[in-house]
Structure formats: structure tokens, C-alpha cells
Amino acid sequence: MPASTALTFDVKPNQKPLAESDRLKAFENLGFGTLFSDHMAVIRWTSEKGWHSGEITARAPFPIDPASSVLHYAQEIFEGMKAYRAADGRVVLFRPEENARRFNESARRMAMPELPEQAFLDAVEKLVRIDAKWIPEGEGSLYLRPFMFASETFLGVRPSKEYIFCVIASPVGPYFKGGAKPVKIWVSENFTRAALGGTGAAKCGGNYAASLVAQAEAVEHGCDQVVFLDAAEHRWVEELGGMNVFFVMDDGSVLTPPLGGTILPGITRKSLIQLARDEGIVVEEKQYSFEEWRADAASGRLREAFACGTAAVVAGIGTVKFKGGEFQIGTGETGPVTTKLRQALVGIQRGQGNDQHGWLHPI
Ligand code: PLP
Ligand code: COI
């Protein structure tokens with residue numbers, strides 16, 4: 001059944017919001033993803049009714065049947081985006097239409113119903129409006145997590161006939177504990193993230209479940225994040241567990257692995273490619289092997305590398321570790337091109353830069 005585009009939301013304000021003093025205390029030490037706002041947005045889908053019963057309500061657990069299909073076959077997708085308080089006091093989102101579009105690409109891959117983009121945007125906007133006081137001042141932001149899961153009580157292996165779409169909000173500080181310090185990356189040789197024809201380009205929970213053992217290996221080796229090589233040849237650099245990757249060469253050009261169906265088409269990645277090109281920087285979307293990475297770091301041909309994503313923003317990569325040893329990139333510090341691109345992006349997101357592409361979405 002075609003989903004209705006004119007979805008309405010029943011607004012039921014939380015009668016027991018967190019006390020102002022507790023909220024402000026929690027804001028003093030913001031990490032990532034541990035603190036949550038007072039409300040959530042929910043929309044339900046059934047094969048009979050399509051999308052219906054939109055509501056903004058108190059954040060609360062979902063009652064879940066043990067036979068709920070998501071618990072068995074993992075039909076689940078999600079998005080990650082942020083609301084910022086701009087310098088002039090406006091509340092803004094960054095390219096939310098891109099998240100709405102990617103959400104539906106993930107839905108198609110996972111045989112889930114598409115949500116009209118306007119309903120996705122309405123749900124996010126209404127939640128941010130009701131929980132605007134949860135957007136931290138200064139460098140923090142309100143991380144938004146739209147997600148959808150299969151909720152039919154059924155054990156047969158076929159697409160569910162019922163789904164729940166939900167958006168929750170979490171005030172966040174820096175993703176990495178070290179803050180702006182360059183990160184250490186572990187090259188996974190035992191595990192790969194995605195093969196051609198698989199789900200690598202979808203933002204589905206299963207991709208992250210599969211990455212956890214590799215990420216744990218990274219942490220065991222004193223690293224912040226894992227970087228995956230391609231599944232077919234174990235040769236080409238793909239992406240990190242939760243970020244895309246860029247390389248800055250000695251001729252000033254920038255290189256990032258191409259989107260070939262096995263990596264997530266990052267919105268930060270797409271934005272940085274544009275911002276770099278705006279600065280006259282040559283950007284190539286080209287395969288880059290781990291061997292080249294090592295050799296170029298040793299010869300000085302590679303000057304900088306950085307990871308990027310909504311949660312991590314732009315993080316310089318200082319050291320790369322692998323089974324046979326480790327190497328440093330450039331001086332081991334965050335380089336000037338990384339810093340410049342980060343500032344250009346953050347400036348726009350915070351309403352301080354020149355938003356020449358119209359990426360900011362005030363609400
Ligand atoms: N790659 C993976 C695996 C991710 O989880 C993310 C984060 O969402 C990204 C890349 C970056 O995507 P975006 O810039 O849209 O947040
Ligand atoms: C994001 O950046 O939004 C992600 O989903 C990645 C994860 C590290 C939280």
C-alpha cells in the first residue's frame with residue numbers, strides 16, 4: 001500500500017521530564033551516546049495501513065515480543081545526524097534530506113518499507129523542537145538517531161509485515177575520548193566488513209555487529225578504530241568501523257576510496273569532497289592499497305590521513321598499526337589540510353561559515 005505523505009503527529013509531552021538541574025549537571029561531562037533527551041518520535045507501519053500513528057511522546061522502552069522478527073533476522077536500519085545551536089541562536093540540521101534519502105536506500109536493501117522523506121524530516125524536526133533545550137551550547141551537539149526495525153511476531157524468514165520507525169536524541173561531546181588528538185587506527189587482516197553484493201552500502205545494524213570483533217581487536221592493540229580492507233583481495237583500503245577515510249598527498253591532492261557498494265556513502269565524505277573542490281583541491285575517488293599507504297607514509301608522499309563521519313566529524317589519523325608493525329603519518333599530528341577542511345565543515349554546521357551550497361536546514 002502506498003505510504004501516506006501527509007502523516008500527522010500526535011504530540012504528548014513528557015509529564016516527568018528530567019529536572020533542569022540534573023540536565024545541566026549531565027551536560028558538564030558529555031561523552032557519546034549515554035545521555036538521552038525527554039522525548040522520542042515514533043511512526044508505525046503495517047502492510048494493511050502503511051505508515052500511521054505518528055507521535056511525539058515521552059522516551060520510553062518498547063514492549064517487544066520474544067518472537068519479534070528483528071530479534072531473529074536483524075531487519076534494522078538507522079541514521080546518524082546532528083542538530084546544532086548556531087552562533088546566532090538558530091537551531092539547525094545539516095543536510096537532513098541526505099539522511100532521509102540514504103535511509104530509504106538502506107530500507108530497499110533490507111526489504112523494508114520506504115518512509116516518505118517528508119515524514120522522516122517532520123519526525124526529526126518535531127523531536128528537535130520539543131527537546132531543543134537538550135542541544136548543548138558550545139562544541140557539543142544533539143545527536144539524532146532515526147531507526148526502523150521489524151516488529152512482527154513471526155519466525156518465518158520473509159520481510160516483516162510490521163515495522164516501527166523511531167527517532168531518539170542524545171546530547172553529545174567528542175566521539176573520541178582523546179578529543180581533538182589524532183587517532184590510532186588498526187588495520188584488520190582477520191576480518192572484512194562487506195563484500196560486493198552484500199549490505200556494506202546500507203546503514204543496517206548487522207554491519208556494525210559484524211565489525212565489533214574487529215573493533216575489539218583494534219582496542220586490544222591500543223587503537224581507537226579499525227580500518228577494513230576489501231573482502232575480495234584483502235588489499236584495498238575501504239573505510240573504518242564507523243567513518244570514511246581520506247588521504248592527503250604531497251602534491252596537495254586528496255584521495256578517498258570510491259563508493260563501490262561495499263562502503264557507506266557518507267554525507268560528511270560527500271560534503272568534504274565538495275568543500276575541498278571549492279578550495280581548488282584536486283580530489284580523486286580512487287582505490288588505494290594498504291601497501292601503497294605504507295610505502296607512501298614511509299616516503300613522505302602521503303602527508304596526512306583523516307577519518308570522517310557525523311559522530312566523529314573530522315579526525316586526523318596519526319598512527320596506523322597492523323600485525324607486522326606500525327607506521328606514523330606525517331608528523332603524527334593533525335595536518336593543515338585536515339584542519340582546514342574540518343574548520344570549513346564545522347563553520348558551516350555551526351552557522352558561522354559561508355553556506356554556499358545551502359546545506360543548513362534551520363528549524
Ligand atoms: N562509514 C560508516 C561505516 C559509518 O558508520 C559512518 C557514520 O555514519 C560513516 C561512514 C560516515 O557517514 P556520515 O558522514 O553520513 O555520518
Ligand atoms: C555516525 O557517525 O552517525 C554513525 O552512525 C557512526 C557510529 C560511529 C556512531
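This report walks through a predicted model, from its two ligands to its strands, core and loops.

**The two ligands**

Twelve names make up the surroundings of ligand 1: Gly80, Glu239, Gly242, Met243, Asn244, Leu264, Gly266, Ile267, Thr268, Arg269, Gly309 and Thr310. Sorted by class, this shell holds three nonpolar, seven polar and two charged residues. Helix α6 gives the most to it, with three residues.

Ligand 2 has Gly80, Gly242, Gly309, Thr310 and Ala311 around it. Its shell counts one nonpolar and four polar residues, and no charged ones. Gly80 is named in the shell of ligand 1, and Gly80 is named again for ligand 2.

**Helix α6**

Helix α6 covers residues 267-278, twelve in number. From its first C-alpha to its last it reaches 16 Å, close to the 16 Å expected at 1.5 Å a residue.

Which residues of α6 are buried? They are Ile267, Thr268, Arg269, Ser271, Leu272, Ile273, Leu275 and Ala276. The cover over these buried residues includes two helices, α3 (96-109) and α8 (336-349). It also includes the strands β12 (244-249), β13 (254-256), β14 (283-285) and β15 (302-309). After α6 comes Gly280, with a positive phi near 85°.

**Strand β15 and its partners**

Why is β15 described as largely enclosed by the rest of the structure? Eight of its eight residues are buried, so the rest of the structure largely encloses it.

β15 has β12 as an antiparallel partner, joined by six bridges. Here Asn244 faces Cys308 of β15. Asn244 is also one of the residues around ligand 1.

β15 also pairs with β16 (residues 313-322), again antiparallel, over four bridges. Ala307 has Ala315 in β16 as its bridge partner. The two strands make a hairpin, with three residues between them.

**The nonpolar core**

The largest nonpolar core has 86 residues. Leu127, Ile185, Phe246 and Ala307 touch the most other members. Helix α4 (residues 117-130) supplies the largest share of this core, seven residues.

Ala307 deserves a second look. Beyond its neighbours within four places in sequence, Ala307 contacts Val183, Gln225, Leu240, Met243, Val245, Ala312, Ala315 and Ile317. One of these contacts, Met243, also belongs to the shell of ligand 1.

**Strand β8**

Strand β8 runs over residues 162-172, and its side chains alternate. Tyr163, Phe165, Val167, Ala169 and Pro171 point to one face and are buried. Glu162, Ile164, Cys166, Ile168, Ser170 and Val172 point to the other face and are not buried.

Strand β2 (residues 39-46) pairs with β8 in the antiparallel sense, over six bridges. In this pairing Ala41 stands opposite Val167, and Val167 is on the buried face of β8. Strand β7 is an antiparallel partner of β8 as well, over ten bridges. There Phe147 has Cys166 as its bridge partner, and Cys166 points to the face that is not buried.

The table gathers the strand pairs.

| Strand pair | Sense | Bridges |
|---|---|---|
| β12 and β15 | antiparallel | six bridges |
| β15 and β16 | antiparallel | four bridges |
| β2 and β8 | antiparallel | six bridges |
| β7 and β8 | antiparallel | ten bridges |

**Three loop residues**

Most residues other than glycine have a negative phi. Ala74 departs from this, with a positive phi near 60°. Ala74 sits in the loop between α2 (70-73) and β4 (76-78). It has 15 C-beta neighbours inside 10 Å, so Ala74 counts as partly exposed.

Arg95 is not a glycine either, yet its phi is positive, about 45°. Its place is the loop between β6 (91-94) and α3. Is Arg95 buried or exposed? Arg95 counts as buried because 21 C-beta neighbours lie inside 10 Å.

Gly140 lies in the loop between α4 and β7 (141-150). With 17 C-beta neighbours inside 10 Å, Gly140 counts as partly exposed. Gly140 touches Leu30, Pro171, Val172 and Gly173, leaving out residues up to four places away in sequence. Two of those contacts, Pro171 and Val172, belong to strand β8. Glu114 is 26 residues from Gly140 along the chain, and their C-alpha atoms are separated by 31 Å.

Definitions and conventions: Residues are numbered from 1 along each chain as its sequence is written. Chains are lettered from A and ligands numbered from 1 in the order in which they are written. This is a predicted model: local features need pLDDT of at least 70, side-chain atom pairs count only at pLDDT 80 or more; totals for chains, interfaces and linings use all residues. A residue is near a molecule or strand if its C-beta atom, placed from the backbone, lies within 6 Å of it. Ala, Val, Leu, Ile, Met, Phe, Trp, Tyr, Cys and Pro count as nonpolar, Asp, Glu, Lys and Arg as charged, and the others, Gly among them, as polar. The expected span of a helix is 1.5 Å times one less than its number of residues. A residue is buried if 20 or more other C-beta atoms lie within 10 Å of its own, exposed if 12 or fewer, and partly exposed in between; C-beta atoms are placed from the backbone. Two residues are in contact if their C-beta atoms, placed from the backbone, lie within 7 Å. Two strands pair if DSSP finds at least two bridges between them. A nonpolar core is a set of buried Ala, Val, Leu, Ile, Met, Phe, Trp, Tyr and Cys residues joined through C-beta atoms within 7 Å.
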